[in-house]
Amino acid sequence: MNCPIIAITNQKGGVGKTTSAINLAQALVLQDLKVLLVDLDPQGNATQGIGIHLEVIQASVADLIRDRNFPIDGTIYEGEGLDIIPATPLLARVEREMVAMTNSELRLAHRLQSLRSKYSVIIIDTPPTFGPLMNSALNAATQLIIPVDSSYFALMGIKELQAEMEEIQRGTNPGLEVLGYLLTLVDPTNISTQTKDTLVHNFGERVFETQIRRSVKLREAPALGKTIFHHAPDSAGAKDYLGLAYEVTTRLGMGEAITHSKRALSLVSGVSHE
Ligand SMILES: Nc1ncnc2c1ncn2[C@@H]1O[C@H](COP(=O)(O)OP(=O)(O)O)[C@@H](O)[C@H]1O
Ligand SMILES: [Mg+2]
């Protein structure tokens with residue numbers, strides 16, 4: 001099976017894209033999958049969130065886009081079970097330069113092709129704006145996961161995002177599809193419930209059954225440079241992202257690779273707490 005490339009995308013900031021990219025990636029690692037995380041946000045939140053300091057980075061995703069001959073292996077940093085192509089603020093400059101590059105928005109897609117035989121899943125964290133980087137992610141992806149925060153304004157941007165996606169489908173990436181809509185930052189308020197009802201009304205089964213609850217542990221983890229599985233393996237957040245990983249692999253038809261989500265759960269207790 002061809003390695004899926006999943007972009008976690010929504011042009012609204014603060015909806016849990018980066019949190020979901022990091023923790024879904026690590027949850028898939030716990031299911032014994034070889035996972036590559038690609039940070040495509042110049043803020044480098046995913047990079048720092050898994051404990052890589054921006055100062056030590058010699059090469060990043062910006063080099064892959066800027067220089068078609070840049071060796072891709074030099075941009076991969078190895079974490080504990082999870083590999084990442086990091087992003088630094090240089091990516092903001094490269095995004096501005098992209099207007100003058102040939103096929104700039106297809107470059108990431110081309111570069112990632114060579115890695116599809118090395119990984120079981122590639123996950124891309126995207127910036128909170130439409131533009132050349134977002135388009136690069138939409139061109140590189142085979143599927144999208146769209147996190148939707150449980151707020152009153154959450155659904156307003158979704159139509160706009162769908163229009164962008166359809167534009168890319170009509171043009172350069174006809175195979176692109178939505179793997180699922182993911183409710184994030186869920187709390188016991190009426191607004192949360194209303195957002196969920198509206199989302200299910202519009203997108204039916206495309207809405208993941210798993211919802212990511214709002215939790216202090218999930219909020220704390222990135223500042224410590226840890227995934228939720230290293231910070232608080234028994235927390236609600238860890239359980240929620242394992243549930244998501246199980247649904248994701250099922251939807252991707254990779255279910256056989258994973259014996260059962262319970263196995264992943266038992267692996268979590270084995271994660272080191274150092
Ligand atoms: N389920 C959650 N519970 C609590 N805080 C969360 C949760 N998901 C995300 N956050 C926090 O909300 C903020 C925005 O999340 P982030 O993943 O960075 O969103 P985005 O990448 O879409 O901008 C961050 O401070 C993050 O730690
Ligand atoms: Mg982010």
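A polar contact is taken here as a pair of N or O atoms within 3.5 Å. In the predicted model, this criterion is met between ligand 1 and Gly 16, where a polar backbone atom of the residue lies 3.0 Å from an oxygen atom of the ligand. Side chains contribute further contacts of this kind. An N or O atom in the side chain of Lys 17 is placed 2.9 Å from an oxygen atom of ligand 1, and a polar side-chain atom of Thr 18 is found 2.9 Å from an oxygen atom of the ligand. On its own, ligand 1 has 550 Å² of accessible area, of which the protein covers 83%.

The ligand occupies the space of the largest pocket. Two elements, α1 (17–30) and α9 (216–220), each give two or more residues to the shell around ligand 1. The largest share of this shell comes from α1, which supplies 3 residues. In total, 15 residues surround the ligand. The closest of these are Gly 14, Thr 18, Thr 19, Arg 213 and Ser 215. Thr 18 is thus listed among the closest residues and also provides a polar side-chain atom at 2.9 Å from a ligand oxygen.

A separate feature concerns the protein surface. Tyr 152, Phe 153, Met 156 and Ile 191 together form a nonpolar surface patch of about 470 Å². Of these residues, Phe 153 is located in the loop that runs between β6 (143–149) and α7 (158–170).

How values were computed: Residues numbered from 1 in each chain as written. Chains lettered and ligands numbered in written order. Predicted model: local features only at pLDDT ≥ 70, side-chain atom pairs only at ≥ 80, totals over all residues. Heavy atoms only, no water. Patch = residues over 30% accessible without salt bridge, like charges linked within 9 Å, V, L, I, M, F, W, Y side chains within 5 Å. Areas by Shrake-Rupley, 256 points an atom, 1.4 Å probe, with all protein chains shown as cover. Salt bridge = Lys/Arg side-chain N within 4 Å of Asp/Glu carboxyl O. Helix = DSSP H or I, 4+ residues; strand = E, 2+ residues; numbered from the N terminus. Near = heavy atom within 4 Å. Polar contact = N/O pair within 3.5 Å; in protein donor to acceptor, adjacent residues only side chain to side chain. 1 Å grid on protein atoms, 1.4 Å probe; cavity = no way out; pocket = protein on both sides within 12 Å on 5 of 7 lines; lining within 4 Å. Sits in = over half its atoms within 2 Å of the grid points.
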